[in-house]
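Work through the following exercises with the sequence and the structure side by side. Try each task before reading its solution.

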Amino acid sequence: MIVLRGELDLASADRLRASLEAALEGGAQTVRVDATGVTLLDSTSLGVLLFFARRLNETGGVLELAFSSPGVRRTLQLAALGRSIRLVRRDRPDDGTWSFGADLRERKPTGVG
């Protein structure tokens with residue numbers, strides 16, 4: 001599993017690319033990326049994730065991306081990456097569970113009409 005924290009932007013894109021490349025070179029068919037600690041996901045990093053997701057998809061593999069930040073959720077909504085990347089939403093960064101088929105819609109707090 002690749003664990004990411006902080007801001008994923010132009011400055012960190014090369015490290016993200018190197019981590020994903022290492023996973024693929026290691027023969028992984030499923031690459032899990034824990035981005036629950038990510039606070040910002042920019043277009044450069046989205047492009048890196050999508051590139052590697054497509055490479056995995058071509059060989060029958062899958063890229064799984066776990067996230068919890070509302071800002072990251074919004075970026076994923078706008079980018080519509082769910083077709084290429086298996087999205088996993090965690091309500092809390094530390095809950096340790098993977099919930100596949102993430103619903104990217106905003107949740108209303110309980111009891112709010």
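**Exercise 1. Find where pLDDT stays under 50 in this predicted model, and then describe the confidence and fold of the chain.**

Step 1. The stretch in question is residues 97-113, over which pLDDT stays under 50. For these residues the model has 36 contacts beyond four places in sequence.

Step 2. Turning to the whole protein chain of this predicted model, the mean pLDDT is 80, and 80% of the residues reach 70 or more.

Step 3. The secondary structure comes to three helices and four strands, and, read from the N terminus, these elements follow the order β-α-β-α-β-α-β.

Step 4. Of the 113 residues in the chain, 42% count as buried. Among contacts with a separation of 6 or more, 69% are between residues 24 or more positions apart.

**Exercise 2. Describe helix α2, from its ends to its buried residues.**

Step 1. Helix α2 covers residues 43-58, which makes 16 residues, and the distance from its first C-alpha to its last is 22 Å, close to the 22 Å expected at 1.5 Å a residue.

Step 2. At the N-terminal end, Asp-42 acts as a cap, with a side-chain oxygen 3.0 Å from the backbone nitrogen of Thr-44. After the helix comes Gly-60, which has a positive phi near 85 degrees.

Step 3. The buried residues of α2 are Ser-45, Leu-46, Val-48, Leu-49, Leu-50, Phe-52, Ala-53 and Leu-56, and they pack against β1, α1, β2, β3 and α3.

Step 4. Take Ser-45 from that list: its relative accessible area is 0%, so it counts as buried, for which the cut-off is under 20%. Leaving out residues up to four places away in sequence, Ser-45 touches Leu-8, Asp-9, Ser-12, Ala-13 and Leu-16.

**Exercise 3. Determine which elements build the largest nonpolar core, and which of them gives the largest share.**

Step 1. The largest nonpolar core has 28 residues, and those with the most contacts inside it are Leu-20, Val-31, Leu-63 and Leu-76.

Step 2. Two or more residues are given to this core by each of β1, α1, β2, α2, β3 and α3. Helix α2 provides the largest share, seven residues.

Step 3. Leu-20 shows how such contacts are spread along the sequence: beyond four places away, Leu-20 touches Ile-2, Val-31, Val-33, Val-48, Leu-49, Phe-52 and Leu-63.

Step 4. As background, nonpolar side chains in soluble globular proteins tend to be buried together.

**Exercise 4. Classify the aromatic pair, and say how far each of its rings is exposed.**

Step 1. A search of the whole structure finds one aromatic pair. The rings are those of Phe-51 and Phe-52, whose centres are 5.1 Å apart and whose planes stand at 90 degrees, so the pair is edge-to-face.

Step 2. The accessibility of each residue is then considered: Phe-51 is partly exposed because its relative accessibility is 47%, while Phe-52, with a relative accessible area of 1%, is buried.

**Exercise 5. Decide whether Leu-40 is buried, partly exposed or exposed, and list its contacts.**

Step 1. Leu-40 lies in strand β2, and its relative accessible area is 36%, so Leu-40 is partly exposed.

Step 2. Although Leu-40 and Gly-6 are 34 residues apart in sequence, their C-alpha atoms are 6.9 Å apart in space.

Step 3. With neighbours within four places in sequence set aside, Leu-40 is in contact with Gly-6, Glu-7, Leu-8, Asp-9 and Val-72.

Notes
Residues numbered from 1 in each chain as written. Heavy atoms only, no water. Expected span 1.5 Å × (residues − 1). Buried < 20%, exposed > 50% of the residue type's maximum accessible area, 1.4 Å probe, protein only. Contact = heavy atoms within 4.5 Å. Polar contact = N/O pair within 3.5 Å; in protein donor to acceptor, adjacent residues only side chain to side chain. Phe/Tyr/Trp six-rings, centres within 6.5 Å; stacked < 30°, edge-to-face > 60°. Core = buried A, V, L, I, M, F, W, Y, C linked by side-chain atoms within 4.5 Å. pLDDT = per-residue confidence, 0-100.
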